[in-house]
Structures are given as structure tokens and as C-alpha cells.
Amino acid sequence: QVQLVESGGGLVQAGGSLRLSCAASGRTFSTYAWGWIRQPPGKEREFVAAINWSGGSTYADSVKGRGTISRDNTKNTVNLQINSLKPEDTAVYYCAVASSIASIRTMREGYWGQGTQVTVSS
């Protein structure tokens with residue numbers, strides 16, 4: 001019965017900011033890693049950011065300095081904020097939970113949501 005539901009996507013102008021949220025239900029994931037994967041149009045899915053159970057985080061080069069991932073274990077949620085948005089940030093964004101950040105990066109195991117569309121206009 002595990003479900004991950006993303007929200008916060010939409011149309012935003014380049015240079016603006018966006019905050020995505022993901023809520024999990026069915027079980028708690030306080031000891032798991034959370035992360036975000038995105039799929040640009042016509043491209044393969046790519047890693048964006050992840051955070052482990054103790055708060056350590058890592059980011060793809062494409063969002064370093066612009067992205068911030070956070071989690072709230074009491075609410076069973078994870079968030080992603082991206083500042084200074086670029087047209088190349090346009091993608092479907094998926095949240096994920098897995099046993100490790102490495103698993104999120106490779107999508108080898110864990111759970112994923114249905115995704116939310118982010119479109120950045122220039």
C-alpha cells in the first residue's frame with residue numbers, strides 16, 4: 001500500500017523558483033534515503049538530489065548551488081527547491097525512497113511516485 005505523491009509542479013518563468021513536495025503513505029521511511037529524479041522531454045531519467053536518513057545530501061552538477069533538498073520525518077515528506085530556474089530544468093520530476101542514496105542514483109530498488117510536470121519558460 002506504499003504510495004508516493006508529488007506536488008508543486010507547473011509553469012514557471014526562467015530565473016524564478018519552484019518548490020516540489022512529495023508525501024508518502026502506507027509506511028514510514030525515517031531510516032531510508034529520499035531523493036528526486038527527473039526526465040526531460042525526449043531524454044532518459046537523471047538524478048537530481050538525494051538526502052539520507054541523518055540529513056546528509058548530494059546534488060547533481062546541474063542543480064548544485066540552486067537546489068535544496070529537505071525532509072521531514074514526522075510528516076513523511078521530502079521537498080526540493082530549485083532557484084534560478086533554467087529552461088533545461090523542464091522535466092517530469094519523480095520522488096523516490098530507497099535504502100541508500102546510491103540506490104536512488106541508480107534506481108535499482110525502492111519506491112517511486114507518479115511524477116509532476118515542471119515547465120520553465122524562457
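The chain has 122 residues, and a compact globule with that many residues would have a radius of gyration near 14 Å. The chain has 13 Å, so the value agrees with a compact globule. The model is a predicted one. Along its principal axes, the C-alpha trace spans about 40 × 25 × 25 Å.

Strands make up most of the list of elements: the chain has 11 strands and 1 helix. The order from the N terminus is β-β-β-β-β-β-β-β-β-α-β-β. Nine β elements thus precede the α element in that order, and β-β follows the α element.

Contacts were then examined by their separation in sequence. Among contacts between residues at least 6 apart in sequence, 59% join residues at least 24 apart. Burial was computed as well. Of the 122 residues, 40% count as buried. The accessible surface of the chain comes to about 6,300 Å². Carbon and sulfur atoms account for 46% of this surface.

Charged side chains were counted next. The chain carries 12 positive side chains and 8 negative ones. The centres of the two sets lie 4 Å apart.

Aromatic rings give a closer view of one part of the model. The structure holds 3 aromatic pairs. In one of them, the rings of Phe-29 and Tyr-32 have their centres 5.4 Å apart. Their planes stand at 85 degrees, so this pair is edge-to-face; planes over 60 degrees apart count as such. Phe-29 has 0% relative accessibility and therefore counts as buried, as the cut-off for burial is under 20%. Tyr-32 has a relative accessible area of 24%, so this residue is partly exposed.

Phe-29 also forms an aromatic pair with Tyr-111. Here the distance is 5.9 Å centre to centre, and the angle between the planes is 55 degrees. This pair is tilted. The pair links distant parts of the chain, with the two residues 82 residues apart. Phe-29 sits in the loop between strand S3 (18–25) and strand S4 (33–39). Tyr-111 belongs to strand S10 (residues 111–112). With a relative accessible area of 36%, Tyr-111 is partly exposed.

These residues belong to a wider group. Ring pairs link Phe-29, Tyr-32, Trp-34 and Tyr-111 into a cluster. Within this cluster, Phe-29 is buried, whereas Tyr-32 is partly exposed and Tyr-111 is partly exposed too.

Conventions: Residues are numbered from 1 along each chain as its sequence is written. This is a predicted model: local features need pLDDT of at least 70, side-chain atom pairs count only at pLDDT 80 or more; totals for chains, interfaces and linings use all residues. Side-chain values use heavy atoms; hydrogens and water are left out. Helices (H or I, at least four residues) and strands (E, at least two) are DSSP runs, numbered from the N terminus. The radius of gyration is taken over C-alpha atoms; the globule rule is 2.2 Å times the number of residues to the power 0.38. Buried means under 20% relative accessible area, exposed over 50%, partly exposed in between (1.4 Å probe, protein chains only). Contact means heavy atoms within 4.5 Å. Accessible areas come from the Shrake-Rupley method with a 1.4 Å probe; for residues, only the protein chains shown count as cover. Lys and Arg count as positive and Asp and Glu as negative; His and the chain ends are not counted. The place of a charge is taken as NZ of Lys, CZ of Arg, CG of Asp or CD of Glu. Rings of Phe, Tyr and Trp (its six-membered ring) pair if their centres lie within 6.5 Å; planes under 30 degrees apart count as stacked, over 60 as edge-to-face and the rest as tilted.
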